[in-house]
Structures are given as structure tokens and as C-alpha cells.
Amino acid sequence: MPEPLHRTAAIVVKETRELLRDPIYLGLSFVIPMVMILLFGFGLSLDVKNLPLVFADHDRSPYSRDYIDGFTHSEYFTLVGIETDPATLERWLRSGRARVIIDLPPDFGRRIASGRPVNVGVTIDGSFPSRAGVINGYVAAINALHNQRLLRQARGTDSVLPVQMDLSVWYNPSLESKNTIVPGLLVLILMLFPAILGALLIAREKESGTIFNFYASPVRRSEIILGKLLPYLAVALLDYLLIYAVSRLVFDVRFVGSVALLSVGAVLYSVCTIGIGLLISILCRSQLAAMLTTFLVTVTPAFNYSGFLTPVAAMDEVGQLIAQFIPATHFMTVVRGCYLKGLGLDFYWPNLAALCLYAAVVYALCGALLRKRIG
């Protein structure tokens, strides 16, 4: 074999052995591409289906039931209830249990039976502006199909549409995308950068060899973790304050909620994200592997499953299940609620509790995996 080919083959054998010897690099080479395609395949969807819909049926007639059937038989909407209490309807829309409320007046059936037009109230949650526009189109299309059916049955020449809509949009009346995109970016940024900083903490010590100083010292594992957490938590909170200021002063994003509640959520969320990076740093041998792994574990799930672009309720069952195990999902709910809906602690304590539980699990794993060795 010629000398150049011999040297090339030697390098190929060496790199292959190193790849097989290090499970982290092996995972980066094979596992991560597969995980990414699965995550994007399940989570990244522009389809808007199974939107939760509530009818306020004040008529309770065959005509109103026929109108409701037109929506329930559509793949775009899922009927979650028929309710007439205004407080309950508002609570459902605030909490996200419903994205659309259609209000049928008490004389709905009588007016249609007599050939007179009737107005139907449609209230849409504007927290997702792009989705609100699509929802409006779906409602209008199904309403138009119902009108066509009624006109065919009447066999008349009257061009007046039997059912007309009075549309209103709550929480983001102007449907400006900045009111939902900018708060969502707050969640993504606080997921990525604190986690990457945390991912370098132990990996950097391993690469430089200074990790042995910790092994030989009397410092406890919990003290090491806490000592590394606090400075980067301060950095994350400074990022949060800057992003919040920019959202209000530069982008003029609508904010109607509690800054204190949002700040509490930001603290818990930052503790979680730094903990994720620290856990990855403990598991990885190099800073590069730690950064790449952190990017995969944080950005991809947060972008696809947190509700940043697609509401969690519009995902399939697999996507909704994955979303519950991602801290960004819970913080996104708090952020969007504080910015657009003005909801309080009574609505968001389950999300804050989920962040606390997530942090407890992550740091328990960090403590268990960061084994101190003497000498």
C-alpha cells in the first residue's frame, strides 16, 4: 500500500476507535439526528385541527342543534361543552380550555324558521394571532355552508344570509404577532442560554483537569452545585429583566398581568434550565459535546412542544404528552397569561409547582451523578 494511503487508513482507524470508545460522540453521530427528526416530525405542524370549541346555546332548539352539528362534525373543532354561564365561559377562554366561543341567541330557531336573519356571537382567543386568523376563517366557512344548506331547503331567492356573525377577539384584539412572539422568545432564550452556560461548568473542569481539585477537597457535592448555580442564576435573571424591558419599551408588547408572578416564574424556570445544563455537563466529557447536547435537549423540544407556534391543545396525543415533561411548556403558559390575559396565581400555581418538581428532580440527579472522589 502506498505511504499516503497507509497514513490515511491509520487516521481512519484511529478516528473510528475514538468514536466507538466515546459513547457521547457516538450518540452525537447517530442518536441525535434520529431524535431530532422524531421531535420535529411530531411537534412541528402548521395544521390547525381539534381546536377546543364551546357553544353558548341559549336556544336549545333543533335549529341550534343542527347548527352545532356542523361544527362538531368538522375535523377542525372539538366540542368541549355547551355552557351558558358567562363567568364559566370567560374562565374557560382564559384558561385555554376553549379557544372559541359561539353564542347562539334565544330566538335563534324562531328567526330562522320565520326566514329572518339572526346574529351569532363569535369570540376567539387572540393569544395566538396566526391561529386566530385561521380560526376566523374556519368559523366563517362552516357558517357559510350552513347558510347554503338553509337557503337550498327554503328554495327561495332571498339573498339575505340566515345566520350572520358578530366577531370579537379577546386578549389580543389587534391580532399583532409581536404580542405572542416576543413573550415566546423570552421562554426560548431563557431555556437556551442559561442551559448552555450550565453545560460548561463541570465539562470545563474536566477538560482542564481542575475537577480533581474538587475531588480532593472537603467540599460537598451540594455545595459544588449550589456554588456553580448562583452566579449563573444571577446572569439569567439579568437576561430576563433586559428582555422584559425590551419587550415593553422597544416592541410595546401588551402586558396586563403581574410582574411579580412573571418574575417568580422566571426564577424557577432559570433554576430548571441551568440545572439541565449542569446535569448534561456532569454526563459529558467535553465542552463541545455538552453544548451540542444541550442545544438538542433544550431548543428543539422548547420550540416544538412549548406552544411557541402551535398550541399544545392542537397537537396530537404524543405531542401533548411530551409537552408536559418540558419546563418551557409550563413557563410559556405563565408568560402568555401574564402578558395577554392578566391571570393570577390561582390559575398558574400548577405550572409553578411543575417547575419546582422539575427542578427538584434535576438537581437530585445532579447530586447523585456528581460523585466525589478522594485523591
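These are my notebook entries on what I looked up in this structure, which is a predicted model.

**Entry 1. The whole chain**

I began with the overall inventory. The protein chain has 14 helices and five strands. I then looked up burial and found that 44% of its 375 residues count as buried. Next I turned to contacts between residues at least 6 apart in sequence. Of these contacts, 78% join residues at least 24 apart.

**Entry 2. Cysteines**

How many disulfides does a search of the whole structure find? I recorded zero. I checked C272 in particular, and C272 is in no disulfide: the nearest cysteine sulfur belongs to C356 and is 7.6 Å away. A disulfide requires sulfur atoms within 2.5 Å, so I could not count this pair. I also noted the surroundings of two cysteines. C272 is buried, with a relative accessible area of 0%. C284 has 3% relative accessibility and also counts as buried.

**Entry 3. Helix α10**

I compared the span of helix α10 with what its length predicts. This helix runs over residues 259–283, and its 25 residues should span 36 Å at 1.5 Å a residue. Its end C-alpha atoms are 36 Å apart, so the span agrees with the expected value. Is α10 mostly covered or mostly uncovered? I found it mostly covered, with 18 of its 25 residues buried. At the start of α10 I looked at S258, where a side-chain oxygen comes within 3.4 Å of the backbone nitrogen of A260.

**Entry 4. Helices α13 and α14**

Two packed helices are described by the angle between their axes and the distance between the axes. I looked up both values for helix α13 (residues 327–341) and helix α14 (residues 345–369). They pack at an angle of about 150°, and their axes are 9 Å apart. The crossing of α13 past α14 is left-handed.

Which residues meet where these helices pack? On the α13 side I listed P327, H330, T333, V334 and G337. On the α14 side I listed Y348, N351, L352, A354, L355 and Y358.

I then took α14 by itself. It has 25 residues and reaches 35 Å from its first C-alpha to its last, close to the 36 Å expected at 1.5 Å a residue. Its buried residues include Y348, N351, L352 and L355, and these four also appear in my list of residues that meet α13. Further along α14, the buried residues include A359, V362, Y363, C366 and G367. The buried residues of α14 pack against α9, α10 and α13.

**Entry 5. Y232, T298 and V299**

I looked up Y232 in helix α9, which covers residues 221–249. Y232 is partly exposed, with a relative accessible area of 23%. Leaving aside neighbours within four places in sequence, Y232 is in contact with L197, L201, R204 and I274. The C-alpha atoms of Y232 and A195 are 9.5 Å apart, and the two residues are 37 residues apart in sequence.

I moved next to helix α11 (residues 287–305), where T298 lies. Is T298 buried or exposed? T298 is buried, with a relative accessible area of 0%. A polar atom of its side chain lies 2.6 Å from the backbone oxygen of T294. Beyond four places in sequence, T298 is in contact with M191, L192, A195 and I276.

V299 is also in helix α11. V299 is partly exposed, at a relative accessible area of 23%. V299 touches L192 and T294, not counting residues up to four places away in sequence. From V299 to A195 I noted 104 residues in sequence and 9.9 Å in space, C-alpha to C-alpha.

**Entry 6. Two loop residues**

R60 sits in the loop between β1 (51–57) and α3 (62–72). Most residues other than glycine have a negative phi. I noted that R60 has a positive phi of about 55° although it is not a glycine. R60 is partly exposed, with a relative accessible area of 49%.

M315 is in the loop between α11 and α12 (317–324). At 7% relative accessibility, M315 counts as buried. I recorded its contacts as N304, Y305, G307, T310 and Q320, not counting residues up to four places away in sequence. M315 and K49 are 266 residues apart along the chain, and their C-alpha atoms are separated by 8.2 Å.

Technical notes. Residues are numbered from 1 along each chain as its sequence is written. This is a predicted model: local features need pLDDT of at least 70, side-chain atom pairs count only at pLDDT 80 or more; totals for chains, interfaces and linings use all residues. Side-chain values use heavy atoms; hydrogens and water are left out. Buried means under 20% relative accessible area, exposed over 50%, partly exposed in between (1.4 Å probe, protein chains only). The expected span of a helix is 1.5 Å times one less than its number of residues. A polar contact is a pair of N or O atoms within 3.5 Å; within protein, one must be able to donate a hydrogen and the other to accept it, and residues adjacent in sequence count only if both atoms are side-chain atoms. Axes are lines fitted to C-alpha atoms, for helices over the stretch in contact, and angles run from 0 to 180 degrees between N-to-C directions. A crossing is left-handed if the near helix is turned anticlockwise from the far one by less than a right angle, and right-handed if clockwise. Contact means heavy atoms within 4.5 Å.
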